[in-house]
Amino acid sequence: MNTQTYRFRRGYGRAIIGPVLDYHQKTKTPFLINPYFYFGFAPKTLNYKAMRRLGYGYVDIVVTKTGCPSVGDPDQAAVKVENV
């Protein structure tokens, strides 16, 4: 996701994410996201703003999982037990 323009990756927005969001909008069901650890360090509203830009700002977002409990690998300084 581009944090400067609040858009999904080029080619993903209308072609892939759009039909999924259209389904959720029509059925009034939430869009389930599964952000792993690195998403936790980005602004929380990016998915919503990108969805809104596509015209799906009224679809609810539900966080389903935030990753597997882990102390991470040695090269993952931001992954800590405190963040799980």
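What follows is a walk through this structure, from its overall layout to a few residues worth a look. Keep in mind as you go that this is a predicted model.

Start with the layout. The chain has 2 helices and 2 strands, and if you read along the sequence they come in the order α-β-α-β. Helix α1 covers residues 13-27, strand β1 covers 31-33, helix α2 covers 46-54, and strand β2 covers 61-63. Of the 84 residues in the chain, 23% are buried. The chain exposes about 6500 Å², and carbon and sulfur atoms supply 56% of that area. Now think about who touches whom: take the contacts between residues at least 6 apart in sequence, and 70% of them join residues at least 24 apart.

Next, the inside. In soluble globular proteins, nonpolar side chains tend to be buried together. Here the largest nonpolar core has 10 residues: F8, I17, L21, F31, I33, A50, M51, L54, Y56 and V59. Three elements, α1, β1 and α2, each give two or more residues to this core. The largest share, 3 residues, comes from α2.

M51 is a good place to stand if you want to look around that core. This residue sits in helix α2, and it counts as buried because its relative accessibility is 0%, against a cut-off of under 20%. Leaving out residues up to four places away in sequence, M51 touches F8, L21, F31, Y56, G57, V59 and I61. One of those partners, L21, is 30 residues away along the chain, yet the C-alpha atoms of M51 and L21 are separated by 7.9 Å. Y56, another core member, touches M51 as well as G18, L21, D22 and Q25, again not counting residues up to four places away in sequence.

Stay on helix α1 for a moment and find H24, which lies in that helix. Is H24 buried or exposed? At 14% relative accessibility H24 falls under the 20% line, so it counts as buried. The side chain of H24 is joined to that of T29 by a polar contact of 2.8 Å. Beyond residues up to four places away in sequence, H24 touches T29, P30, F31 and V59; F31 and V59 also belong to the largest nonpolar core.

The same helix is home to a charged pair. Side chains of opposite charge can pair when their charged atoms come close. The structure holds 1 salt bridge, and K26 forms it with D22, with the closest N and O atoms 3.0 Å apart. Both residues lie in helix α1, 4 residues apart, or about one turn of the helix. The two partners fall into separate accessibility classes: K26 is exposed because its relative accessible area is 64%, over the 50% cut-off, while D22 is partly exposed because its value is 23%, between 20% and 50%.

Move along to K28, in the loop between α1 and β1. Most residues other than glycine have a negative phi, and most peptide bonds are trans. K28 goes against that habit, with a positive phi of about 55° although it is not a glycine. K28 counts as exposed because its relative accessibility is 75%.

Two further pairs link parts of the chain that are apart in sequence. N47, in helix α2, is 41 residues from Y6 along the chain, and their C-alpha atoms are separated by 7.7 Å. N47 is at 22% relative accessibility and so counts as partly exposed. Then there is Y58, in the loop between α2 and β2. Y58 and Q25 are 33 residues apart in sequence and 7.3 Å apart in space, C-alpha to C-alpha. With a relative accessible area of 79%, Y58 is exposed.

Finally, take a look at the outside. Which residues make the nonpolar surface patch of about 230 Å²? They are Y48, I61 and V63. V63 belongs to strand β2, and at 48% relative accessibility it counts as partly exposed. I61 has a link to the interior too, as one of the residues that M51 touches.

Terms used. Residues are numbered from 1 along each chain as its sequence is written. This is a predicted model: local features need pLDDT of at least 70, side-chain atom pairs count only at pLDDT 80 or more; totals for chains, interfaces and linings use all residues. Side-chain values use heavy atoms; hydrogens and water are left out. Buried means under 20% relative accessible area, exposed over 50%, partly exposed in between (1.4 Å probe, protein chains only). A polar contact is a pair of N or O atoms within 3.5 Å; within protein, one must be able to donate a hydrogen and the other to accept it, and residues adjacent in sequence count only if both atoms are side-chain atoms. Contact means heavy atoms within 4.5 Å. Accessible areas come from the Shrake-Rupley method with a 1.4 Å probe; for residues, only the protein chains shown count as cover. Patches are made of residues with over 30% relative accessible area and no salt bridge: like charges are joined within 9 Å, nonpolar side chains (Val, Leu, Ile, Met, Phe, Trp, Tyr) within 5 Å. A salt bridge is a side-chain nitrogen of Lys or Arg within 4 Å of a carboxyl oxygen of Asp or Glu. A nonpolar core is a set of buried Ala, Val, Leu, Ile, Met, Phe, Trp, Tyr and Cys residues joined through side-chain atoms within 4.5 Å.
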